[in-house]
Amino acid sequence: MTLDRMLDDIYALPHASKEGLLESIVEVNYKKGHLLIRAEQVERNIYFMKQGIARVYTNTAEHEITILFYKEGDTIISLKSYILNQRGYEDIELLEDSTLFKLNASKLQELLQEDIHIANWARRFAELELIKTEERLIARQFKTAKERYQDLLESYPELLRRVQLGHIASYLGITQVSLSRIRADRN
């Protein structure tokens with residue numbers, strides 16, 4: 001996916017504003033297993049996933065809990081670091097060799113002060129992230145594991161072949177055995 005399209009999917013920017021933003025973004029490559037963002041650290045960058053897949057997770061005393069997956073076209077950010085300049089709670093691990101576009105958060109802050117169109121783009125991004133968070137919360141509270149699995153298949157059909165089943169089960173809030181049962185019931 002092109003960076004132009006990723007930016008436009010959030011909010012269409014006028015040409016000059018988009019050029020200003022693009023000048024501040026660099027392409028980076030990381031290997032499978034790389035921790036892109038580490039818990040308990042302030043993250044200074046925002047990433048746009050060109051190619052690859054990542055998972056957001058946190059650790060409890062007993063195990064890791066997968067919170068979210070990112071795929072091509074998604075924007076990867078530690079909102080707590082970006083908004084509050086505080087250490088984040090999440091680790092973000094690349095599950096495949098990945099190509100990303102990297103934007104320094106301080107540079108974005110400068111652009112937000114200089115260009116109302118970029119500020120509107122960032123506002124729209126925050127709104128979209130809030131909706132995604134709300135949808136995940138509602139699904140966790142009101143849908144069964146089977147319904148959450150079905151939603152996952154509809155939203156991310158390629159996920160099953162790209163992500164370990166243990167990560168998917170964790171994301172759904174169930175055991176891997178329960179996930180196997182749900183998958184068997186579908187066949």
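Which residues does Ile76 touch, not counting residues up to four places away in sequence? Select Ile76 and show its surroundings: Leu36, Ile37, Ile46, Tyr47, Met49, Tyr70, Ile92 and Leu100 are the residues it touches, where contact means heavy atoms within 4.5 Å.

Before going on, note that this is a predicted model, in which local features need pLDDT of at least 70 and side-chain atom pairs count only at pLDDT 80 or more, while totals for chains, interfaces and linings use all residues. Residues are numbered from 1 along each chain as its sequence is written, and side-chain values use heavy atoms, with hydrogens and water left out.

**Stop 1: Ile76 and its strand**

Stay on Ile76, which is in strand β6. Helices (H or I, at least four residues) and strands (E, at least two) are DSSP runs, numbered from the N terminus. Ile76 has a relative accessible area of 0% and is therefore buried; buried means under 20% relative accessible area, exposed over 50%, and partly exposed in between (1.4 Å probe, protein chains only). Now add Lys102: its C-alpha atom and that of Ile76 are separated by 9.5 Å, with the two positions 26 residues apart along the chain.

**Stop 2: the sheet**

Select β1, β8, β3 and β6, in that order. These four strands form an open sheet with antiparallel pairing. Its edge strands, pairing on one side only, are β1 (25-30) and β6 (75-76). Two strands count as paired if DSSP finds at least two bridges between them. Strands of a sheet pair through backbone hydrogen bonds, either parallel or antiparallel.

Walk across the sheet from the β1 side:

- β1 and β8 pair over six bridges in the antiparallel sense; look for Val26 opposite Lys102 in β8.
- β8 (residues 98-104) and β3 (residues 45-51) are antiparallel and joined by six bridges. Gln51 stands opposite Thr99, and Asn45 has Asn104 as its bridge partner.
- β3 and β6 run antiparallel and are joined by two bridges; here Tyr47 stands opposite Ile76.

Colour β3 and β8 by burial. Five of the seven residues of β3 are buried, so the strand is largely enclosed by the rest of the structure. β8 is mostly covered, with five of its seven residues buried.

**Stop 3: helices across the sheet**

Add helix α1 (residues 3-10), which lies across β1, β3, β6 and β8 and runs at about 120 degrees to β3. Then add helix α4 (residues 105-114): this one lies across β3 and β8, at about 55 degrees to β8. Axes are lines fitted to C-alpha atoms, for helices over the stretch in contact, and angles run from 0 to 180 degrees between N-to-C directions.

**Stop 4: Glu93**

Move to Glu93, in strand β7 (residues 91-94). Is this residue buried or exposed? Glu93 counts as buried because its relative accessible area is 18%. Leaving aside neighbours within four places in sequence, Glu93 is in contact with Gly33, His34, Leu35, Ile53, Ala54, Arg55 and Tyr57.

**Stop 5: helix α8**

Select residues 165-172, helix α8. Six of its eight residues are buried, so the helix is largely enclosed by the rest of the structure. The buried ones are His167, Ile168, Ala169, Ser170, Tyr171 and Leu172. To see what covers them, show elements including β4 (54-59), β5 (64-70), α5 (116-142), α6 (145-155), α7 (159-162) and α9 (176-186). Just after α8, Gly173 takes a positive phi of about 80 degrees.

**Stop 6: two loop residues**

Most residues other than glycine have a negative phi, and most peptide bonds are trans. Select Glu40, in the loop between β2 (35-37) and β3: this residue is not a glycine, yet has a positive phi of about 65 degrees. Asn85, in the loop between α3 and β7, is also not a glycine and has a positive phi of about 55 degrees. Asn85 counts as partly exposed because its relative accessibility is 48%.

**Stop 7: a surface patch**

Finish with Leu79, Ile83 and Leu84, a nonpolar patch on the surface with about 280 Å² of accessible area together. Leu79 is found in helix α3 (residues 79-84) and, at 32% relative accessibility, counts as partly exposed. Patches are made of residues with over 30% relative accessible area and no salt bridge (a side-chain nitrogen of Lys or Arg within 4 Å of a carboxyl oxygen of Asp or Glu); like charges are joined within 9 Å, and nonpolar side chains (Val, Leu, Ile, Met, Phe, Trp, Tyr) within 5 Å. Accessible areas come from the Shrake-Rupley method with a 1.4 Å probe; for residues, only the protein chains shown count as cover.
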